[in-house]
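Q: Please take a close look at the packing of the nonpolar side chains in this model, and then follow the parts around that packing. I am in my first year, so please explain each term when you use it.

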Amino acid sequence: MATPKKLPSGNYRIQVYHYTDVYGRKHYKSFTAPSKKQAALLAAEWEVKKKEESDIFENMTIYKAIKKYIDIKRSVLSPSTLRDYLSMLDCHFATQFGQIKLSDLTNSNIQIWISGLTDKLSPKRIRNIYGLLSAALEMFYPDFRIKVTLPQREKPDLYCPSDEDIRILLQHIKDGKDFDLETAVLLAAFGTLRRSEICALTSDDIIGNTITIRHAMVMDTDGEWIVKAPKTLGSIRVIHMPDFIIKRLSGITGAIIQSTPSQISDRFRKAVKSAGLHHFRFHDLRHYSASIMHAIGVPDQYI
């Protein structure tokens, strides 16, 4: 270790080698204290800590790094994101690839792993999994630069239901006397609400002809449905609803519907099929709602 040098201020400073960058330049860590002994002690403590971190790094595998990353982020992740991360950890990193030590990791390892996923998963899913890996590496191996090729994005095959599609679907659901599903379809098709928002909606959220969206129903890591605040502040909004929908919801106290998002999706899928309609998702009802607003001149930015 270098010897602390006295500064014009009277303090002592010592510089300790830290690392060499990609250009061959050496970088040092500087410690300043009132006495030579204190400066040397600060430097020694830092070197011990650096050695401990280095030892941990040497034994840290990809799986352990991602698990630790999830644990650190657990308190700030939404329940659905946390559940998805844990699923990725178990399905895609509890593997031979996940047992590779960070110190042994190469871009070739990662590229071979990604290429092996392309036969089983969609490009979007692969990008999500890769995103978790890169975030963990950024936290625990920041000097490593990933240079790999990801599968090309797929253009989604979206279908925007027509007025006739919605009319047929609503009549079919009405004939089946499914109040929850009919209400959910109306709220999505004429109010742009998501499944999670509809299932969390209560009578307290309705004032006059407006509905305030401030909660969402999501599944936690234990597989239980819970009601929480939306992921983003942008999801908290006030929506003006048509008279016929407000009239339908009048008289209800408490939860507007008694179904979970997965139940709504299952029943919606069956209703679309049994009504003989072109396949479309529950989420596509929001596209229908947006198309109506566009047709009547609502600015695209607002939509």
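A: The answer begins with how the model is to be read, then turns to the core and its surroundings.

This is a predicted model, in which local features need pLDDT of at least 70 and side-chain atom pairs count only at pLDDT 80 or more, while totals for chains, interfaces and linings use all residues. Residues are numbered from 1 along each chain as its sequence is written, and side-chain values use heavy atoms, with hydrogens and water left out.

A nonpolar core here is a set of buried Ala, Val, Leu, Ile, Met, Phe, Trp, Tyr and Cys residues joined through side-chain atoms within 4.5 Å. Buried means under 20% relative accessible area, exposed means over 50%, and partly exposed is in between, using a 1.4 Å probe and protein chains only. The helices and strands named below are DSSP runs numbered from the N terminus, where a helix is H or I over at least four residues and a strand is E over at least two.

The largest nonpolar core has 36 residues, and those that touch the most other members are L169, V185, L187, F268, F282 and L285. At least two residues of this core come from each of α6, α7, α8, β5 (210-213), α9 (243-249), α10 and α11 (284-295). The element that gives the most is α7, with 7 residues. To see what such packing looks like from one side chain, take F282: leaving aside residues up to four places away in sequence, F282 touches A184, V185, A188, R195, I198, I264 and F268, where contact means heavy atoms within 4.5 Å. Another core lies apart from the largest one, and its 29 residues include I70, L82, L89 and Y141.

That other core leads to helix α3 (residues 79-93), whose 15 residues should span 21 Å at 1.5 Å a residue, in agreement with the 20 Å between its end C-alpha atoms; the expected span is 1.5 Å times one less than the number of residues. In α3 the buried residues are P79, T81, L82, Y85, M88, L89, H92 and F93, and what covers them includes α2 (62-73), α4 (107-117), α5 (123-140), β6 (216-219) and β7 (225-228).

Returning to β5, this strand belongs to an open sheet of 3 strands in the order β4-β5-β8, with antiparallel pairing. Because β4 (206-207) and β8 (237-240) stand at the edges with a single partner strand each, one side of each has no neighbour in the sheet. Two strands pair if DSSP finds at least two bridges between them, and β5 is joined to β8 by 4 bridges. As one of these matches, I211 has I239 in β8 as its bridge partner.

The loops beside α7 deserve a careful look as well. Most residues other than glycine have a negative phi, and most peptide bonds are trans. K177, in the loop between α6 (163-175) and α7 (179-191), has a positive phi near 55 degrees, and K177 is exposed at 73% relative accessibility. T192, in the loop between α7 and α8 (195-200), has a positive phi near 60 degrees, but T192 is buried at 17%.

Charged side chains complete the picture. A salt bridge is a side-chain nitrogen of Lys or Arg within 4 Å of a carboxyl oxygen of Asp or Glu, and by this rule there are 11 salt bridges. One of them joins E197 to R194, with the closest N and O atoms 2.6 Å apart; E197 is buried, at 4% relative accessibility, while R194 is partly exposed, at 30%. Another joins D205 to R214 at 2.9 Å between the closest N and O atoms, and here D205 is buried at 5% whereas R214 is partly exposed at 34%. D266 and R269 form a salt bridge at 3.2 Å, and both lie in α10 (residues 261-274), 3 residues apart, or about one turn of the helix. Elsewhere, K67, D71 and R74 are joined into one network by salt bridges that share partners.
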